[in-house]
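Here's a quick look at one chain and how its partner docks onto it. Have the structure open as you read.

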Amino acid sequence: MVDRSQDSGDPAAAEIQSQADDIFREKVSRSRKLTPAEKFREGFELFEWACRQSLNGIQNRYPELSSEEHQRILERRLANARLMDEAGIYSPLQDDHET
Amino acid sequence: MKPEAAVVYTLQILEELKIPYMVVGSFSSNQYGPSRSTKDADLVIQHSSDTFRELIRRLEPEIKVDRQISFESVTGTARNIATVVKTGFQIEFFRLSKDSHDLRRFERRKKIHFEGSSIWMQTVEDVVITKLRWILNADRPRDLADVREVLSASRDVIDWDYVNQWTDQHGTSDLLASIQTTLPAELQPDRD
């Protein structure tokens, strides 16, 4: 990210920033055209798309395993990603296991 | 059960049990900016022990709720995690805390319409305020990206008086100003 109040004077950096801005504008413009319901649904669609890509990779890496085992590997990867996301933020509450 | 069906089902059960809730986290920032993939749906709920036990009973076995409560250190909120079986997708139930902004954003939640029903969602101002607080305390890159995108996509509808009041309290006003300087000029919000 670049603070636009500062000019680095580097033409290459300016060109990259210009391209990044175009992509950013396109994302923002597209999001404004969606209805609230379409936006709500899109989060799920993107999750499922990402899972399909990951499963393809897992199937190619471990062709000898069953589809159930591929799914378990995917779920483990998701769990590991969460652990990394949440490191230092969440901790178990020791004295209240029941709600 | 697919993640979308599981979340819609969960929200229906919350309505039936009269448990007030609001959608927060990525699904709320997706409402006000470009969407991104997320592996969980975050819900703030206001409940008693009895109603939560009934919620668990109604969700299982397809949505499995971990009884272990975890504690989040940024705003002091407790949560239970539910997993949509065989998908890796999670639904996180955050208890409405005593944090003054948590209480206020819950009062201000608004409805969006989704397939013939309504979903309670936190407002765009509260997405920005909450994300800024997380950037300050947890420094997660995706929160910064979310704030930039939400500010740009929703800049015409943001109640700046409300945002400024809370960023002053949370010590995030300078952070907000610095993020705004990184936006393309025509997408920078007009805060006057």
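Buried residues account for 40% of the 192 residues in chain B, where buried means that 20 or more other C-beta atoms, placed from the backbone, lie within 10 Å of a residue's own. Keep in mind that this is a predicted model, with local features needing pLDDT of at least 70, side-chain atom pairs counting only at pLDDT 80 or more, and totals for chains, interfaces and linings using all residues. Residues are numbered from 1 along each chain as its sequence is written, and chains are lettered from A in the order in which they are written.

Chain B has eight helices and eight strands; these are DSSP runs, with helices being H or I of at least four residues and strands E of at least two, numbered from the N terminus. Some overall values for the chain:

| Chain B property | Value |
|---|---|
| C-alpha box along the principal axes | roughly 50 × 30 × 25 Å |
| Radius of gyration (over C-alpha atoms) | 17 Å |
| Radius of gyration of a compact globule with 192 residues | near 16 Å |

The two radii agree; the globule rule is 2.2 Å times the number of residues to the power 0.38.

Now for the partner. The contact takes 38 residues from chain A and 43 residues from chain B, counting two residues as in contact if their C-beta atoms, placed from the backbone, lie within 7 Å. On the side of chain A that touches chain B, H2(A) gives the most, with twelve residues.

Strands meet across the chains too: S1(A) pairs with S4(B), residues 70-72, in the antiparallel sense over three bridges (pairing needs at least two DSSP bridges). There, A:Tyr90 has B:Glu72 as its bridge partner.

Key:
A residue is buried if 20 or more other C-beta atoms lie within 10 Å of its own, exposed if 12 or fewer, and partly exposed in between; C-beta atoms are placed from the backbone.
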